[in-house]
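Good morning, and thank you for coming. Please look at the sequence and the structure before we discuss a few of their features.

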Amino acid sequence: MTNLLDKLISGQLFPNHRENILFMGLCILNFASGYATIEGAKHIVGHEGIAVYFGIAIQLLLFLMLTGLIVRSAPLRKWTSVLILSFVSVYTSFFTYYHVLTAPAVDAYQLDTAIAQHNILVRDVYTELESRLEKLVSQKSYHESEYNNEVKGKGASGIPGLGGKAQEHLRQASEKRKEIADLEPIVVGLKEIMDYPTETISDPNEIFDKDSYALSQVPTQYLPPIYHEPLDREKYGLSDKTAIKLMEPYYMVVGKDIKAIPPLIIACMTDGLAILLGTTIKQKKDKVPFQRLSEEISNLIKGFQDARKTIMDSGKYKGIPYDHVNPGDSASIENAVEYIELTLGGQGSKFLEEFFDAIDTTKQVIDNQKLSSSNNLTFKRGYKFLLVVLQSQRLQWIEVTENDEYKVMNMNSLCKWINLNLNELYRQEAESTEEATIAGGLRDIRLELPRIV
């Protein structure tokens with residue numbers, strides 16, 4: 001980055017001072033567009049991490065293409081890619097500019113509309129049912145009172161006892177009690193879920209969702225006919241078309257929403273100006289920016305390809321699934337001294353425990369797939385070396401079968417060797433007061449081999 005700035009200031013990157021200024025202007029526009037793209041992507045995907053990576057990738061590709069640092073020899077593909085990336089940038093930036101310019105007013109309007117519609121719902125449903133319940137309670141009290149008067153002879157008939165009038169009032173009071181018993185739980189429940197305070201709510205979608213749920217808890221026979229269908233989002237200041245955030249700009253533009261025009265113009269101007277600046281910048285033919293970086297990346301890719309070829313070719317050799325041992329190395333191993341020294345990124349006891357766990361004592365085979373799937377890379381290398389030692393002419397504790405399985409030929413000796421070394425490693429690790437590590441947090445682990453085979 002320092003070399004790039006030095007070349008830019010000295011005029012080596014671009015042929016004249018005018019194009020240096022254009023380059024700097026392009027950088028500023030890309031930074032602004034990148035910020036708008038990231039903020040807009042947050043609105044669409046709702047995940048900050050994804051939005052940041054998405055925005056950086058879009059703007060970096062646009063910047064490199066417009067400055068001519070990549071895709072130089074394919075103009076058709078270059079400008080097709082630029083147009084696609086610019087469209088994505090404009091589309092996502094729209095959300096940012098729309099939010100900054102119009103969101104406060106739009107949000108306030110939607111919230112006021114949702115609250116007003118909520119109050120209408122409360123009036124039509126909850127308040128109406130509450131009034132109905134109060135009326136039923138009053139009617140019940142009236143019929144009970146008239147019943148008592150009739151029994152005492154103080155009623156309209158003037159005849160004491162259970163006459164026709166008394167029985168009629170008794171029947172009416174019983175019916176009202178039944179209606180109250182059915183309606184009262186509904187009214188009490190709606191008090192909590194429908195007649196709630198709206199002062200602390202800032203999202204009209206929350207009001208719509210709460211009202212929809214409350215309405216679903218009321219039996220249809222208690223609802224006015226207009227509420228037999230689901231609530232209308234439009235009446236709450238919301239739209240089914242904007243429920244899918246990705247499609248908001250499209251529906252706003254197609255619907256000729258006047259509020260969408262300024263954000264769209266700003267987003268198009270920012271990316272359009274960046275494209276115009278990119279077409280005016282000309283680089284020196286004899287200078288290739290980032291040539292050294294490109295070569296390093298090319299060498300790295302070639303290295304991966306060579307490594308992959310080596311791994312694939314290793315399948316031709318039996319004994320180790322990833323590579324083979326040269327004859328000289330095999331001879332050295334077979335005539336090795338009485339210990340194995342491994343450099344591991346972890347405790348030696350853990351290394352041997354995992355190796356012992358991979359031994360199937362029933363089938364008397366070693367599960368090499370389990371060893372090779374270890375998350376510790378140094379353990380994987382250690383297991384490969386250990387398998388070579390254990391199948392050497394000196395020990396011959398394991399043997400590779402025709403099915404490339406590691407068959408244990410001397411289970412008793414192998415288990416005793418593992419147990420002895422495990423006990424020694426446990427003792428060393430228990431007595432150690434500090435980690436005996438080398439660079440990178442690695443440890444040198446020594447495993448003793450038997451003196452007599």
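In which helix is the place of asparagine 421? The model we are viewing is a predicted one, and in this model asparagine 421 belongs to helix α14, which covers residues 411-431.

Is asparagine 421 buried or exposed? Its relative accessibility is 7%. Buried means under 20%, so asparagine 421 counts as buried. Leaving aside residues up to four places away in sequence, asparagine 421 touches Leu352, Leu447 and Glu448.

One of these contacts, Leu352, leads us to helix α11, residues 348-357, where Leu352 is among the buried residues. The others are Gly348, Ser349, Phe351 and Phe355. These buried residues cover an arc of only 160° around the axis, and therefore they lie on the same side of α11. A general point helps here: an α-helix has 3.6 residues a turn, so residues three or four places apart point the same way.

Let me turn to the interior space. How many cavities of 30 Å³ or more are there? The count is one, and the space in this largest cavity is about 40 Å³.

Which helices each supply at least two residues of its lining? They are α2 (17-45), α3 (48-66) and α8 (261-280). The largest share, four residues, comes from α8. Among the lining residues are Leu29, Asn30, Gln59, Leu62, Thr270 and Asp271. By class, the lining has five nonpolar residues, five polar residues and one charged residue.

Thank you for your attention.

How values were computed: Residues are numbered from 1 along each chain as its sequence is written. This is a predicted model: local features need pLDDT of at least 70, side-chain atom pairs count only at pLDDT 80 or more; totals for chains, interfaces and linings use all residues. Side-chain values use heavy atoms; hydrogens and water are left out. Buried means under 20% relative accessible area, exposed over 50%, partly exposed in between (1.4 Å probe, protein chains only). Contact means heavy atoms within 4.5 Å. On a 1 Å grid over the protein atoms alone, a cavity is a set of points where a 1.4 Å probe fits but cannot get out, and a pocket is an open set with protein on both sides within 12 Å along at least five of seven lines; lining residues have an atom within 4 Å of a point. Grid points are joined across faces, edges and corners, and a volume is the space filled by probe spheres set on the points. Ala, Val, Leu, Ile, Met, Phe, Trp, Tyr, Cys and Pro count as nonpolar, Asp, Glu, Lys and Arg as charged, and the others, Gly among them, as polar. The arc is that of the directions from the helix axis to the C-beta atoms.
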